[in-house]
Amino acid sequence: MLGRVYCGIFRLVQGGTRSLLGVFEEDATAISNYMNQLYQAMHRIYDAQNELSAATHLTSKLLKEYEKQRFPLGGDDEVMSSTLQQFSKVIDELSSCHAVLSTQLADAMMFPITQFKERDLKEILTLKEVFQIASNDHDAAINRYSRLSKKRENDKVKYEVTEDVYTSRKKQHQTMMHYFCALNTLQYKKKIALLEPLLGYMQAQISFFKMGSENLNEQLEEFLANIGTSVQNVRREMDSDIETMQQTIEDLEVASDPLYVPDPDPTKFPVNRNLTRKAGYLNARNKTGLVSSTWDRQFYFTQGGNLMSQARGDVAGGLAMDIDNCSVMAVDCEDRRYCFQITSFDGKKSSILQAESKKDHEEWICTINNISKQIYLSENPEETAARVNQSALEAVTPSPSFQQRHESLRPAAGQSRPPTARTSSSGSLGSESTNLAALSLDSLVAPDTPIQFDIISPVCEDQPGQAKAFGQGGRRTNPFGESGGIIKSETEGKTDVQHSYFRTTSQQTVKSDDHPDVVYETMRQILAARAIHNIFRMTESHLLVTCDCLKLIDPQTQVTRLTFPLPCVVLYATHQENKRLFGFVLRTSSGRSESNLSSVCYIFESNNEGEKICDSVGLAKQIALHAELDRRASEKQKEIERVKEKQQKELNKQKQIEKDLEEQSRLIAASSRPNQASSEGQFVVLSSSQSEESDLGEGGKKRESEA
């Protein structure tokens with residue numbers, strides 16, 4: 001074969017054609033392209049086997065570490081852990097087999113085809129380039145040799161050209177022989193490069209399968225069969241649970257349809273006021289500036305005596321507020337519905353929250369109120385809460401014998417007050433006793449009237465740098481057990497009484513202001529409501545009683561907080577049992593029209609006896625009444641003096657007019673005497689002003705004569 005190729009190539013070269021060489025070169029190019037594709041395919045097999053070996057090893061490692069994992073819902077499943085450990089051993093053995101297979105593929109498959117690609121094919125390309133260079137040099141030498149001159153022969157030039165032709169021809173011949181030999185050998189190497197990698201691949205796979213068959217024994221087959229049965233049982237159990245859950249979802253969708261309404265009907269879903277635990281979403285108000293605020297929706301739940309909050313994305317909740325001994329009440333905030341405020345027992349911290357519905361709003365208030373009373377510490381919290389709420393409800397419900405209870409208390413109220421005080425309070429404590437039996441509670445206090453538990457917010461009074469008010473320590477304050485003194489002063493002839501540590505309690509709109517029982521019934525309802533809602537913190541102020549008004553003064557800053565005009569105070573009385581509680585009714589106009597009047601009853605607690613405050617108010621109203629009478633008498637006297645002064649001025653004016661008339665008469669008489677003889681037929685002409693003055697003079701004389 002080699003001799004035939006050589007002879008054929010030599011003849012072709014000598015004959016000037018290279019068609020056969022082109023066929024060999026085209027074949028070499030086709031072999032190179034095909035072998036590159038085959039190399040890439042086999043390299044993908046090798047890479048995939050390496051990846052499979054690494055992935056199998058990683059799988060075995062993760063299965064071994066399963067027992068070290070702590071799943072939140074998994075628990076300690078020893079059966080699953082042992083099963084995965086056994087799988088890990090088997091997969092680890094398979095990983096070793098895959099590693100051996102990867103090594104065999106690298107040696108038996110990838111090495112031969114890589115050698116053919118990197119060595120033999122590159123050798124053909126290199127020899128082709130060298131042969132092309134030698135052929136070009138030979139053609140150039142032959143061209144120079146052909147141009148030698150026949151007439152002018154130069155031995156030296158001829159020798160050089162001849163030597164050049166010899167050298168280039170020899171080089172071309174040697175290069176051609178190596179190139180042609182490589183092309184001839186490529187046909188054999190092609191077959192070897194195709195068969196040897198495939199043989200190595202198949203032998204590596206056979207070896208791998210033999211190792212696998214040795215590892216997959218009968219014991220492993222039995223284990224795999226048991227695992228397959230367990231998987232089928234788990235699948236059947238899952239299908240059963242899914243079917244049950246689907247049925248439950250359908251039932252819940254039908255039953256929960258009314259709950260999708262944000263504010264459900266309270267008649268269909270009544271409020272549970274006996275809860276000691278509650279959870280749900282609330283909107284919390286956060287102040288971002290002096291007047292601006294934002295509302296954040298968070299999940300709130302109670303835990304013992306604490307209110308916890310959990311933002312979206314948090315793993316667990318955090319403490320929002322300690323609600324032991326706290327106070328809670330419904331508030332109006334930024335034109336939002338269903339808002340309520342929680343204030344800590346020391347008044348230093350408060351939070352405003354918004355519920356989604358009226359039912360949630362009332363249940364949250366009742367739940368926090370029950371927790372504040374520490375009902376959750378009892379053995380049966382819900383029964384205890386129901387019993388406490390029932391007792392409070394009975395305390396708020398008016399009793400039929402209300403008038404009879406207070407019938408015996410009115411004489412004490414009438415005896416403890418001076419007659420002048422009763423007069424200044426519209427005679428409310430004495431003269432109306434005969435008509436009291438005919439009154440009903442609805443005629444005293446307006447039904448469904450809201451109670452404002454604190455006229456001044458206690459949280460707003462705790463300014464930084466100020467001393468705490470009396471009784472605001474680290475314990476729960478009892479507003480009905482403090483004591484203090486009284487300060488009296490006289491300023492510019494006015495009697496003022498200032499009571500120290502005076503506490504603002506509550507206020508409520510009333511329908512009647514003619515009977516002292518209005519104050520008694522308002523006191524009873526407010527005290528019962530405070531007991532129900534566990535509200536004990538109140539704002540301390542000083543009360544200043546003057547002849548003009550009642551003032552509530554800040555004890556630290558001496559700033560007037562509220563002012564009540566004394567003429568509008570139409571009724572006042574003190575509690576019959578707790579002498580430090582007293583109240584008064586303030587009559588004010590509720591609109592622009594003065595005929596549209598409304599009455600509000602204010603209840604207060606003082607560190608002194610309420611009778612002294614009532615006496616001070618009565619004395620102030622007496623002084624104001626006497627001052628008003630004196631003022632009216634003084635104004636009347638001034639009016640009389642003004643009338644007398646006016647009459648005196650009129651009299652003086654009339655006298656002056658008479659004098660002027662007399663003077664004019666004398667002048668006329670004096671001027672008429674010299675011409676008395678010739679005065680016949682002549683008249684005296686008076687000016688209009690003189691005639692008017694004469695008329696006024698005559699009128700004045702007539703009035704004097706009549707007087």
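Start by selecting isoleucine 553, which stands opposite threonine 560 in β13. The model on screen is a predicted one.

**Stop 1: strands β11 to β13**

Widen the selection to β12 and strand β13 (residues 560-565). These two strands pair in the antiparallel sense, over 5 bridges. They form a hairpin with 6 residues between them. In the turn, pick out glutamine 558, which has a positive phi of about 60°.

Now colour strand β12 (residues 549-553) by accessibility. What is the state of its residues, mostly covered or not? Of its 5 residues, 4 are buried, and the strand is mostly covered.

Add strand β11 (residues 539-545), which is joined to β12 by 4 bridges and runs antiparallel to that strand. β11 and β12 also make a hairpin, here with 3 residues between them. To see how the two strands are set against each other, select leucine 543, which stands opposite leucine 552 in β12.

**Stop 2: the open sheet**

Move to the sheet with the strand order β4-β3-β2-β1-β7-β6-β5. It is an open sheet of 7 strands with antiparallel pairing. Its edge strands are β4 (318-322) and β5 (327-333), each of which pairs on one side only. Neighbouring strands are turned by 40° against each other on average, direction ignored.

At the β5 edge, select strand β6 (residues 336-343) as well. β5 and β6 run antiparallel and are joined by 6 bridges. One residue pair to display is serine 327 with its bridge partner in β6, threonine 343.

Two backbone positions belong on this stop. Asparagine 325 is in the loop between β4 and β5. Its phi is positive, about 60°, although the residue is not a glycine. Asparagine 325 is partly exposed, at 25% relative accessibility. Next select tyrosine 338, which has its place in strand β6. Tyrosine 338 is not a glycine either, and its phi is positive, near 55°. Is tyrosine 338 buried or exposed? Tyrosine 338 is buried, with a relative accessible area of 17%.

**Stop 3: the helix across the sheet**

Show helix α6 (residues 358-372) together with the sheet. The helix lies across β1 (279-287), β2 (293-303), β3 (306-310), β5 and β6. It runs at about 10° to β6.

Then show the side chains of Lys278, Lys359, Asp360 and Glu363, which are linked in a network of salt bridges. Within this network, lysine 278 forms a salt bridge with aspartate 360, and their closest N and O atoms are 3.7 Å apart. Lysine 278 is in the loop between α5 (218-255) and β1 while aspartate 360 is in helix α6, so the pair ties together parts that are 82 residues apart in sequence. Lysine 278 is buried, with a relative accessible area of 13%. Aspartate 360, at 23% relative accessibility, counts as partly exposed.

**Stop 4: salt bridges on the long helices**

Side chains of opposite charge can pair when their charged atoms come close. The salt bridge count for the model is 17, and two more of them can be displayed here.

Go to helix α3 (residues 78-146) and select lysine 122 and glutamate 118, which are 4 residues apart in this helix and separated by about one helical turn. Their salt bridge has its closest N and O atoms 2.9 Å apart. Lysine 122 is partly exposed, with a relative accessible area of 47%. Glutamate 118 also counts as partly exposed, at 35% relative accessibility.

Next, select lysine 189 and aspartate 120, whose side chains meet in a salt bridge (3.0 Å, N to O). What does this pair tie together? Lysine 189 belongs to helix α4 (residues 155-215) and aspartate 120 to helix α3, so the pair ties together parts that are 69 residues apart in sequence. Lysine 189 is partly exposed, with a relative accessible area of 26%, whereas aspartate 120 is buried, at 6%.

**Stop 5: a surface patch**

Finish with a surface view and select Met238, Ile242, Met245 and Ile249. These residues form a nonpolar patch on the surface. Together they have about 360 Å² of accessible area. One of them, isoleucine 249, lies in helix α5. Isoleucine 249 counts as partly exposed, at 41% relative accessibility.

Key
Residues are numbered from 1 along each chain as its sequence is written. This is a predicted model: local features need pLDDT of at least 70, side-chain atom pairs count only at pLDDT 80 or more; totals for chains, interfaces and linings use all residues. Side-chain values use heavy atoms; hydrogens and water are left out. Two strands pair if DSSP finds at least two bridges between them. Axes are lines fitted to C-alpha atoms, for helices over the stretch in contact, and angles run from 0 to 180 degrees between N-to-C directions. Contact means heavy atoms within 4.5 Å. A salt bridge is a side-chain nitrogen of Lys or Arg within 4 Å of a carboxyl oxygen of Asp or Glu. Buried means under 20% relative accessible area, exposed over 50%, partly exposed in between (1.4 Å probe, protein chains only). Patches are made of residues with over 30% relative accessible area and no salt bridge: like charges are joined within 9 Å, nonpolar side chains (Val, Leu, Ile, Met, Phe, Trp, Tyr) within 5 Å. Accessible areas come from the Shrake-Rupley method with a 1.4 Å probe; for residues, only the protein chains shown count as cover.
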